[in-house]
Amino acid sequence: MTASTGNKARFRPLSVDKVRVGGFFGPRLDTIASTTARTLFDRCIEAGMLDQVDPERPNPGIVIPFFHNNTVTTQMFWDSDFGKSIETAAYALNHRPDPDLEARVDEVVDAYARLQQDDGYLNSWYIRIEPGKRWTNLRDRHELYNAGHLIEGAVAYFHATGKRKLLDVMCRYADHIAQVFGPADGQRRGYPGHPELELALVKLARVTGERRYLDLARFFVDERGNQDPNYFDAEAHARGETPDQFHFGTLEYCQAHKPVREQDKVVGHAVRAAYLYAGMADVATEFSDDSLSEPLDRLWSHLVDRNLYITGGFGPSAQNEGLTFDFDLPNETAYAETCASVALVFWASRMLGRGPNAQYADIMEQALYNNALAGLSLDGTQFFYDNPLESRGNHHRWTWHRCPCCPPNISRLVASVGTYFYGVADDEIALHLYNSGKAEIELTCTKVDLTQETGYPFMGDIHLRVEPEQEADFTLSLRVPGWASAVTVKVNGKVVTPPEKDGYLKLQRRWSAGDTVELSLNLEPRRIFANPKVPNNQGRTALMRGPLVYCLEGADNGEDLNSFVLSDCAVVHAEATDILGGVATLKATAVRETAESNALYGTKPPARKEVPLTAIPYYAWDNRAPGEMLVWLRREEGR
């Protein structure tokens, strides 16, 4: 079933070329521009990816050398890694021009242009490694997923440089896909085994103005999970296989077990799930399709109320890189893939396309500042794939990975972070995230330059300067984070009490050049307690300040972090530091338990001693000497 469409978008993000980012994220963008973007290309090419793509290079055959734990591998999804690396480089070039980096991107773009077939088809695996098998295994072989990431790279590179070569290549490929897939006689009724193309097509439609890309995105969303028969089962039979030969055994793994409007639980592979829901939200926004709103809200509630880590990660199991059962949130063995939290940021941001609502922006912020941001080291060279909430000292970032999806994914997110700050409608600007910088915004009534100045997330004061090109009436909507217990707003120095809707303060007035807004949010440290249905966190507490989750690390507290016990009445205070890029740490006095002997068991309780406790932001752990880490601390009632 497809609802009637009006093709009237509500709130859209700004393109990356319309935002300048400073403040907290500014140094991270500097690092990506100076180091990470080049690192991604170095490691992709070292892995043999360009050998697979470029038809002017010797055909690599079925095996391309990349050594990891003495194994040799090749991947059918390397096009996606190049796509994300191009996207990262584009955002880096937008932040800081770099002719050498641009030349490296152009080299890869030229290779893809040479590789493209006469009919527009473009996939290095099925052209160079397994020719003649295109469109035979959508479920497992990432064909449409690869296309999505290359499209996103092309759109970003066009925005950053104005160069159309890759954009034109990908438009030709998207047109070919639209000829192959669709509802007409003779077309395939398939859809991506790994969702991602859906949201990429929406980006392509927005930059080109071509509705046919929106229509294709909607087709893939509407077609997914139809059961007469299920496309993936029929596809398996066509290959001479049985559906149960699927490596992970169930259509739930790729969210193809039901049509999307009938789905009510987040199941299967975490990254695939969040990409799918992001695409659904985009389609709902672009087509004003309210038939997708209810299932999206059901799925959102199932994730955040039962299956989301405090860090904004999800998917506890390494076995399926995804979901298991409700309230299954182990700490030390948490998978919580970096790509999953990146995809959650995508999903949350697209839920905001239907209008400002703090329940989505709060989770977007939580995932961004914690689980996602931890995926990239402070020096921009190493990456987490999985993100536990407890470590005995043996969990560290990778230099690279045999499945290198996370390095370019977290890099492109951080490099494009300014595009998540704002949502823009005809006569309204919504501020979702706070960070110093400047945005160029075009409303129906006027153009507006909007400047933020803030020390967020370590300080709670946000100063805004509003510079419309001409006096105009519009609404400025400011998110009040769910954690903020006290909020003050001033316009031109005077305290105001604007109406609030869905967690946003609505400043609706006639704006003039030089108008100022001051928003003050309290940043008191707070304790968080898990639902008792989460057995791993019974009798424990976590510390947060603002959007940041904090953790203990061995570098500050020594070994045996589980020997710390924090009283509910202990005073926790923030302290500015110059470590780890200038973070605010949390300090408290705790007690530490020690055994009186080396015996494994005894008849006396452990001895106790008061000790200082220092917690750092979770995103910054494992950037110093190797050691233990702990998010959920043992607690006891105050006396």
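# A guided reading of the predicted model

The mean pLDDT of the protein is 93, and 95% of its residues reach 70 or more; the coordinates come from a predicted model, and the reader should keep this in mind throughout. Over residues 1–7 the pLDDT is below 50, and this stretch has 18 contacts in the model beyond near neighbours in sequence. Residues 64–72 also have a pLDDT that stays under 50, and for them the model has 21 contacts beyond four places in sequence. Where pLDDT is low, the predicted coordinates should not be read in detail.

We can turn next to the charged side chains. Side chains of opposite charge can pair when their charged atoms come close. The structure holds 55 salt bridges, and a few of them serve here as a path through the chain.

One of these salt bridges joins Arg-206 to Glu-286, with the closest N and O atoms 2.7 Å apart. The two residues belong to distant parts of the chain, since Arg-206 sits in helix H8 (residues 197–208) and Glu-286 in helix H11 (residues 270–286), 80 residues apart. Their surroundings can be read from their accessibility: Arg-206, with a relative accessible area of 28%, is partly exposed, whereas Glu-286, at 0% relative accessibility, counts as buried.

Another salt bridge is formed by Asp-326 and Arg-306, whose closest N and O atoms are 3.0 Å apart. Arg-306 belongs to helix H12, while Asp-326 lies in the loop between helix H12 (293–306) and helix H13 (338–351), so the pair ties together parts that are 20 residues apart in sequence. Asp-326 is partly exposed, with a relative accessible area of 23%, and Arg-306 is partly exposed as well, with a relative accessible area of 40%.

What, then, of the salt bridge between the side chains of Glu-365 and Arg-479? The N to O distance in this pair is 2.7 Å, and the pair links distant parts of the chain, with Glu-365 in helix H14 (residues 358–374) and Arg-479 in strand E10 (residues 472–479), 114 residues apart. Glu-365 counts as buried at 1% relative accessibility, and Arg-479 is buried with a relative accessible area of 0%.

Salt bridges can also be followed beyond single pairs, for a network of them links Asp-51, Asp-54, Glu-56, Arg-57, Glu-107 and Arg-114.

From the charged pairs we move to the empty spaces inside the model. How many cavities of 30 Å³ or more does the structure hold? There are three, and the largest cavity has about 70 Å³ of space. Its lining includes Val-16, Leu-29, Tyr-91, Asn-94 and His-95, and also Ala-415, Ser-416, Val-417 and Gly-418. Strand E1 (19–21) and helix H3 (78–95) each supply at least two residues of this lining. Taken by class, the lining of the largest cavity has seven nonpolar, four polar and one charged residues, and Arg-20 is among the residues that line the cavity.

A last stop is His-149, which is found in helix H6 (residues 143–161). Is His-149 buried or exposed? With a relative accessible area of 0%, His-149 is buried. Leaving aside residues up to four places away in sequence, His-149 touches Ser-80, Gly-83, Lys-84, Glu-196, Tyr-275 and Arg-412.

Conventions
Residues are numbered from 1 along each chain as its sequence is written. Side-chain values use heavy atoms; hydrogens and water are left out. A salt bridge is a side-chain nitrogen of Lys or Arg within 4 Å of a carboxyl oxygen of Asp or Glu. Helices (H or I, at least four residues) and strands (E, at least two) are DSSP runs, numbered from the N terminus. Buried means under 20% relative accessible area, exposed over 50%, partly exposed in between (1.4 Å probe, protein chains only). pLDDT is the predictor's confidence in each residue, from 0 to 100. Contact means heavy atoms within 4.5 Å. On a 1 Å grid over the protein atoms alone, a cavity is a set of points where a 1.4 Å probe fits but cannot get out, and a pocket is an open set with protein on both sides within 12 Å along at least five of seven lines; lining residues have an atom within 4 Å of a point. Grid points are joined across faces, edges and corners, and a volume is the space filled by probe spheres set on the points. Ala, Val, Leu, Ile, Met, Phe, Trp, Tyr, Cys and Pro count as nonpolar, Asp, Glu, Lys and Arg as charged, and the others, Gly among them, as polar.
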